[in-house]
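Hi,

Here is the structure I promised to pass on. Have a look at it first, and my notes follow underneath.

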Amino acid sequence: ESASPSNFIRNIIDEHNRGGRFGGKVVTRFPPEPNGYLHIGHAKSICLNFGLAADYGGRCHLRFDDTNPSKEEQEYLDSIIEDVHWLGFDWGEHLYYASNYFDQLYEFAIKLIGDGKAYVDDLSAEEIRAHRGTLTEPGTDSPYRERGVEENLDLFQRMKAGEFADGSRVLRAKIDMAHPNLVMRDPTLYRIRRAVHHRTGDKWCIYPMYDFTHCISDSIEGITHSICTLEFEDNRVLYDWVLDQLDIYHPQQIEFARLNLEFAVMSKRKLLELVKEHYVEGWDDPRMPTIRGMRRRGFTPESLRLFCERIGVGKKESWIDMYWLEKAVRDDLNEKAPRVMGVLDPIKVVITNYPEDQEEIFEAPYFPDNPPAMGYRDVPFCRELFIEREDFMEDPPKKFWRMAPGQEVRLRWAYLVTCDEVVKNDQGEIVELRCTYDPETRGGWAPDDRKVKGTLHWVSARHGLRAPVRLYDRLFSVANPGAFKDRDYKEFLNPESMVLMPQAVVEPSLVGAAPGSRYQFERKGFFCADPVDSAEGVPVFNRIVTLRDSWAK
Ligand code: ATP
Ligand code: MG
Ligand code: MG
């Protein structure tokens, strides 16, 4: 038993362990279908399965549920391996493919047929659906249901041999067409599909269905707890039925509520559509809820794990507020990200009493709360600086502590300055602020202890580095874009989900910002040097998250 917070799954495992079931072992698996990139919902499942295995001293398998041949699978497969590793988990030797079990699955199907528990049905998919009945109406037996064992064996072997057209026949379990659970009304176990499989090539033209494959794969691998999402609750009876009929080792299926995240979509179909139709720039677009997107944006593996731990595991469907994801990355980066200064929307400040040919360097701590922790960097100062345009108001309201005519403010680490003059262009736009500094206030402290409330970030205009900054926000402008009948979720894309700040200027220490490195731009948020678009000495920054929750719902 472990130090992690309890949840209903741990309670079940503890119960099993007390009763000696599975000999006290815990073997879980994460079973992705390699048909897309992993998203934050998958991260929940990964953290849960690998986390349980680690806490109970067991193991977790990575198993590709690759029974559905389709194109581009290798690309997805590679990305899944990389993303699970990036999240911080390792399966060691235990990498498996359901497609490796095709021979065994076929033999198990032969056994079911031999025991009179499965039959070949010639009905079309549509006819099978029509025969299934409804929740209130029992289904109808297929006219092929009473075929003899010999005929079924012969037909199934010929299905495998490629004698029949795609869709012309299926293998079905013979259970009960009046079963109250629709899943149990003679579910399909195999179908004919001439498709090249990325691992088995054209060896097979029949492929096993999920409900047949999954339980047997779990059994073969000695999984103890087969954890899946709630949609599979009804399928558990079938999971158990297959293993019982075959009389093989029997894991326990346990269902939990999937992660639903507000302001995001997570179905692979929708994510694929966003990519294919160029609503986003790719699977790794920093606005995507994919692991790659979040990674590129600047989320840390620790922050995603922290998020998954905090939202917990339950039995009830719920929607998680984006706040929790952002809080997790703030809490993580607050401890790790060096503080620097970057001006996103610059306006020029001229310090009129500071000599043109003078410069000085301030040594500023990367981590002001605990300066020795991360050391110091040089911040150059000169007569011409940039501050944030929104940090100045010509005619400010009360309690505006930032820069205004005649109001003294502190430039972080540098001096106290006062604005004396506002320079405008012909259109009346402010183009420059002319200030004076108090030379007695080096470091930002007045010898007479006079109170100066506002502290602004700034960058030397002479030394600053131009670095485009992208402000990312929620991809959708409503909490649940998929919930509107008659409205397509894409109508709710947030037009301001990415705002480019092309004029942004950052302090020169960032010239060496390694791609993927993360910083707090003081007062502005956490930022990451984009690993794709940054070039040597020319970083491009992504805003990971603002410093405070600024989203009004
Ligand atoms: P999609 O519906 O987007 O296609 P999927 O569930 O079919 O997703 P899989 O590759 O089969 O995708 O998922 C692998 C594992 O991840 C499964 O065990 C599944 O239960 C889990 N999973 C997928 N989405 C979520 C989610 N939103 N929350 C928690 N677990 C999830
Ligand atoms: Mg799927
Ligand atoms: Mg699935």
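**Cores, domains and a sheet**

The largest nonpolar core has 99 residues, and the ones touching the most other members are F386, I387 and W458. Helix α2 (residues 40-55) supplies the largest share of this core, with 8 residues. Bear in mind that this is a predicted model.

If you click on F386, you'll find that its contacts beyond four places in sequence include V343, P346, I347, K348 and V349, and also W458, V459 and V505. There is a second, separate core too: it has 31 residues, among them L112, A118, L155 and I175.

On to the domains. The assignment splits the protein chain into domain 1 (8-256), domain 2 (261-338 + 468-545) and domain 3 (342-456). Between domain 2 and domain 3, the C-alpha centres are 31 Å apart. Where these two meet, 13 residues of domain 2 contact 14 residues of domain 3. The domain 2 side of that contact is made up of 8 nonpolar, 2 polar and 3 charged residues.

Last, a sheet to look at: it is open, with 3 strands in the order β1-β2-β3 and parallel pairing. β1 (27-30) and β3 (95-97) are the edge strands with a single partner each, so one side of each has no neighbour in the sheet. On average, neighbouring strands here are turned by 35 degrees against each other, ignoring direction. β1 and β2 (residues 59-64) pair in the parallel sense over 4 bridges, and T28 has C60 as its bridge partner in β2.

Cheers

Terms used:
Residues are numbered from 1 along each chain as its sequence is written. Chains are lettered from A and ligands numbered from 1 in the order in which they are written. This is a predicted model: local features need pLDDT of at least 70, side-chain atom pairs count only at pLDDT 80 or more; totals for chains, interfaces and linings use all residues. Two strands pair if DSSP finds at least two bridges between them. Helices (H or I, at least four residues) and strands (E, at least two) are DSSP runs, numbered from the N terminus. Axes are lines fitted to C-alpha atoms, for helices over the stretch in contact, and angles run from 0 to 180 degrees between N-to-C directions. A nonpolar core is a set of buried Ala, Val, Leu, Ile, Met, Phe, Trp, Tyr and Cys residues joined through C-beta atoms within 7 Å. A residue is buried if 20 or more other C-beta atoms lie within 10 Å of its own, exposed if 12 or fewer, and partly exposed in between; C-beta atoms are placed from the backbone. Two residues are in contact if their C-beta atoms, placed from the backbone, lie within 7 Å. Domain bounds come from an automatic or database domain assignment. Ala, Val, Leu, Ile, Met, Phe, Trp, Tyr, Cys and Pro count as nonpolar, Asp, Glu, Lys and Arg as charged, and the others, Gly among them, as polar.
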